[in-house]
Amino acid sequence: MSTLMSRRRFLAVATVAGGLIASGTRAGAPPKESGLSSEGLLAGRPGFQPRTVMPLRYQELPGFLSREQLAVHHDEYARAVERLKTTEQALHQESADANRYAELRRVEVAAANSVLLHEFYFGGLSPQKITPPRHIEGNMSEHMGSWDSWRDDFTRCALAAKEWAVLLYDPYDDRWHDGAMDADNDGVWVGANPLVVCDVAEHAFSKDYQRREDYVSKFLDHIDWEEVSRRYRAVDRM
């Protein structure tokens, strides 16, 4: 039997093989990426988990943020919620080419982070100064040192970052860290849980403050440390 393959037979085999490869790599519908509405750290709350707009906890924070400032900022957050919803819908409805698919996935991450970070920000504000619970004081001392040193470092993060300053807990190394994020999908600490979130983009403060330094200083006196405690305990129990 000849070991040589005719040109016609080679083309036929190549066509079949090519069809098999193409069918194996053809993009199908993305996975559902769905979960149970009764589970998850945010179950039962409006906002990120059910993909709805979380209402403002406080319409005004006298001495810190005006009604107008909070309303403008909340509108920015609501647009991020809508952007996340439309992006997820597009992922499941479109037969996107590689470039379009990549774009949608990048937008999805940025929008999801924006929604969550805004909800952590709004949900962590207090109208008045709150004394941190004892276990928060203990963890702050253990992980970050003195309160003054943490405030100084968090302020440096808030002035260095373009969008977000975050005190986070990383369950993988069991430590607290300060982080600076220049965008919703830049500077993310993978696996970490945000405890204190400060939005330092201009839309968060420019109607009330000319200097970011003044806004950040006031923010530090309006952190709801009881909410920080709930966030930390929720992850600590996982």
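Here is a walk through the aromatic rings of this structure, which is a predicted model.

Let's start with the count: the model has 13 aromatic pairs. A good one to pull up is W150 with W225. Their ring centres sit 5.7 Å apart and the planes meet at 70°, so this pair is edge-to-face; the cut-off for that label is over 60 degrees. Now look at where the two residues come from. W150 belongs to helix α5 (residues 147-160), while W225 belongs to helix α7 (residues 225-236), so the contact ties together parts that are 75 residues apart in sequence.

Are these two tryptophans buried or exposed? W150 has a relative accessibility of 2%, so it counts as buried. W225 comes in at 5%, so it counts as buried too.

Next, follow helix α5 along to F154, which pairs with F219. This time the rings are stacked, with 6.3 Å from centre to centre and 10° between the planes. Since F154 lies in helix α5 and F219 in helix α6 (residues 212-220), the pair ties together parts that are 65 residues apart in sequence. Both F154 and F219 are buried.

Now put the two pairs together. W150, W225, F154 and F219 are among the members of one aromatic cluster, which also takes in Y77, Y121, F122 and W147. If you want to see the cluster on screen, select those residues and show their side chains.

One last ring to visit is that of F48. Here the partner is a charge: the charged end of R51 sits over the F48 ring, 4.4 Å from its centre.

Note on methods: Residues are numbered from 1 along each chain as its sequence is written. This is a predicted model: local features need pLDDT of at least 70, side-chain atom pairs count only at pLDDT 80 or more; totals for chains, interfaces and linings use all residues. Side-chain values use heavy atoms; hydrogens and water are left out. Rings of Phe, Tyr and Trp (its six-membered ring) pair if their centres lie within 6.5 Å; planes under 30 degrees apart count as stacked, over 60 as edge-to-face and the rest as tilted. Helices (H or I, at least four residues) and strands (E, at least two) are DSSP runs, numbered from the N terminus. Buried means under 20% relative accessible area, exposed over 50%, partly exposed in between (1.4 Å probe, protein chains only). A charge sits over a ring if NZ of Lys or CZ of Arg is within 6 Å of the ring centre and within 35 degrees of the ring normal.
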